[in-house]
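Q: Please give me a close look at one residue in this model, then place it in the context of the chain around it. Keep it plain, and state the cut-offs as you go.

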Amino acid sequence: MAADLPNELIELLEKIVLENSVFSDHRNLQNLLILTAVKADPTRVMEYITRLDNYDAPDIANIAITNELFEEAFAIFKKFDVNTSAVQVLIEHVKNLDRAYEFAERCNDPTVWSELARAQLSSGAVKDAIDSFIKADDPSAYLDVIEAARSNDNYEDMVRYLQMARKKAREAIIETELVFAYAKVNRLADLEEFISSPNIAQIQQVGDRCFEEKLYEPARILYNNVSNYARLASTLVYLGEFQQAVDGARKANSTKTWKEVCYACVEAGEFRMAQMCGLHIVVHADELEELINFYQSRGFFQELIQLLEAALGLERAHMGMFSELAILYSKYNPTKMREHLELFWSRVNIPKVLKAAEQAHLWPELVFLYDKYEEYDNAILTMMAHPSQCWKEPLFKDIITKVANIELYYKALSFYLDYKPMLLNDLLLVLTPRLDHTRAVTFFQKVGQLHLVLPYVKSVQSHNNKVINEALNNIYIDNEDYDSLRTSIDSFNNFDNIALAQRMEKHELIEFRRIAAYLFKMNNRWKQAVELCKKDLLFKDAMEYAADSRNSEIAEDLMAWFLENENFESFAAGTFVMYDMLKPDVILELAWRHNIMDFAMPYLIQCVREYTSKVDKLEVSDETRTKEAETNNQQPLVMGEQLMLPPAPGMMGPMTNMYGMPQQMYNGGGAFMGPM
């Protein structure tokens, strides 16, 4: 070889090795012949390999592979039954899996099948690879097989492989993937049989995978096996088995599960089942809003109302349920809202429901809530703003007394004046203890409706308020009710007497002019009172007022006026009515001058009688005093036990009366006799 004579070397070695000689079976010579052919004449290598038997086959084969003599290498391995290496040559160098398969079939060696299987798996021939692994009875590459089968969705063949692998290796992943493969190929009977027998598969994990891939029937079996009722309920929902789903949710007793089943039932139109689930959701205040929004977004308003109505009787019913039901009523069934509020107003969130009622323009319900929430001012304002819908007299009168803003009293009066004027006095009767009567009466005067509230004005006149008195007096004047006016004047004196008198002294009715005179008299304007009576020929009133004045001048002027008008009868009457104010000489003179002594005679007789009586009384009084004085003088003065003697004659001075005055003596005829 060093001399670069390979062909000559080959010929020499052929003669030595191929021809029958003592060196024919020499190993090194055979190795040298084949190696020389590999280097010098590769076409002869196959012949040498076939004819020779005593050479180092593995080494020669590897050298052949190195020199890309793959067929020769395969022939060497095959000849010497190195099947694994032979099939590797076919797979890795010849790259002919068909020949490798045929070779494996002929030799039927498990290691060959394993090598072939791995090659087939790498090339993507999953089914062929699984068949080869099964023939090789080799589970060692189960991870690769599982991944390849999963990628190619070849679960049927995976089942066969994993069944084989499970017999050889007890690995959790093998059993887990086998369960999933059963599910994928819908071999439910095998699945149930497998999970019911002892196994180490991760059933829960497989169930979740099945659920995610919408394999709901296998998932149902798996979840039921591990008693995962929450996922079981979800699975049953997708299977359309709502009753069983509800039962599963009840066993799971999870809010999330109840919601999932409930929403699915709603979507499917199974409202009875949805209600059963919803009852377990609404008792959680933080879940209520989401549930309501779900129903409302799908337009199932009545079903939602029915759900909440059914939930009111639950032991765990809370304020949110009552409030939300009230809001739903306000939106979708207003006729039932009032009844609901009357029953459960104490359990609703009143501010929240108030807002809903206002948005829905449910004014009666709004007033009811304001009343219960003690927002009386807003209740009154609402009733006044929407009287045709929410005003009720008893309720209005009850609430108006509780308002904090007293301005509402007067707004209420204005409202009644426009809306219910005939009931105004009833309202005023309720508000009487709280009203500023001056302001109220002034208001009605300003709008010109004081006559409408006459009963109220009369009822508060007892306060003797100037504005009330004057207003009422004006009403009496307008109504020409002089009797009531006179009674009012006599009972309540807090008004402008002079202004009223001046107003009425020119009234067309004499009774009012008479009252004007009476007012002048009450204010000590005697002359004006008498003059007004004289104008209206009210002789009696004139005489009485003159007598009350205690003014002789006014009385004498009135008597003179009677005579000027030849009213002798009134003159005669005046002498008795004004008796104390008249002087007898004046009357006697007037009577004599007018030749009416007959009319004055009763007065004169009375005067004579009066003076005679006075004189008689004086005489009796004087006589009594005289007797008392005499009795006192005759009685001795006693000092202790001694009797005091009277003084000696000539030592006693003149007699004095009880007042220290000289005693005067009268004879029996009453003549004066002088002092003693």
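Does Thr-382 count as buried or exposed, and at what relative accessibility?

A: Thr-382 counts as buried, because its relative accessibility is 9% and the limit for buried is under 20% relative accessible area, with exposed meaning over 50% and partly exposed in between (1.4 Å probe, protein chains only). This is a predicted model, in which local features need pLDDT of at least 70 and side-chain atom pairs count only at pLDDT 80 or more, while totals for chains, interfaces and linings use all residues. Residues are numbered from 1 along each chain as its sequence is written, and side-chain values use heavy atoms, with hydrogens and water left out.

Thr-382 sits in helix H26; helices (H or I, at least four residues) and strands (E, at least two) are DSSP runs numbered from the N terminus. Leaving out residues up to four places away in sequence, Thr-382 touches Trp-363, Leu-366, Val-367, Tyr-370 and Cys-390, where contact means heavy atoms within 4.5 Å.

The loop before this helix holds Glu-374, between helix H25 (363-372) and helix H26 (376-385). Phi of Glu-374 is near 65°, positive although the residue is not glycine. Most residues other than glycine have a negative phi. Glu-374 counts as exposed because its relative accessibility is 58%.

A comparable loop joins helix H12 (172-184) to helix H13 (188-196), and Asn-186 lies in it. Asn-186 has a positive phi, near 60°, and with 52% relative accessibility it counts as exposed. Asp-153, which follows H10, has a positive phi as well, near 55°.

Helix H12 itself supplies two buried residues to examine. Ala-183 lies in H12 and is buried at 2% relative accessibility. Beyond four places in sequence, Ala-183 touches Cys-210, Leu-215 and Pro-218. The C-alpha atoms of Ala-183 and Glu-217 are 8.5 Å apart, with these positions 34 residues apart in sequence numbering. Glu-175, also in H12, is buried at 0% relative accessibility. Its contacts outside four places in sequence are Arg-166, Arg-170, Phe-194, Asn-199, Ile-200 and Ala-201.

Arg-166, one of those partners, belongs to helix H11 (residues 155-168). Arg-166 is partly exposed, at 22% relative accessible area. Apart from residues up to four places away, Arg-166 touches Ile-174, Glu-175, Leu-178, Phe-194, Pro-198 and Asn-199. For Arg-166 and Leu-178, twelve residues apart along the chain, the C-alpha separation is 8.7 Å.

H11 packs against H10 at an angle of about 165°, and the two axes are 9 Å apart. Axes are lines fitted to C-alpha atoms, for helices over the stretch in contact, and angles run from 0 to 180 degrees between N-to-C directions. H10 is therefore roughly antiparallel to H11; angles over 145 degrees count as such, under 35 as roughly parallel, 65 to 115 as roughly perpendicular and the rest as oblique. From H10 the contact is made by Tyr-142, Val-145, Ile-146, Ala-149 and Arg-150, and from H11 by Tyr-155, Met-158, Tyr-161 and Leu-162. The buried residues of H10 (residues 142-151) are Tyr-142, Val-145, Ile-146, Ala-148 and Ala-149.

Turning to the interior, a nonpolar core is a set of buried Ala, Val, Leu, Ile, Met, Phe, Trp, Tyr and Cys residues joined through side-chain atoms within 4.5 Å. The largest such core has 137 residues, and Phe-396 and Leu-413 touch the most other members. Helix H29 (residues 407-419) gives the most to this core, eight residues. Leaving out residues up to four places away in sequence, Leu-413 touches Leu-424, Leu-427, Leu-428, Leu-431, Leu-435, Ala-440, Phe-443 and Phe-444. Apart from the largest core lies another, of six residues, including Met-559, Met-578, Ile-587 and Tyr-603.

For the chain overall, there are 42 helices and four strands. Of its 676 residues, 42% are buried. Residues 24 or more positions apart account for 51% of the contacts with a separation of 6 or more.
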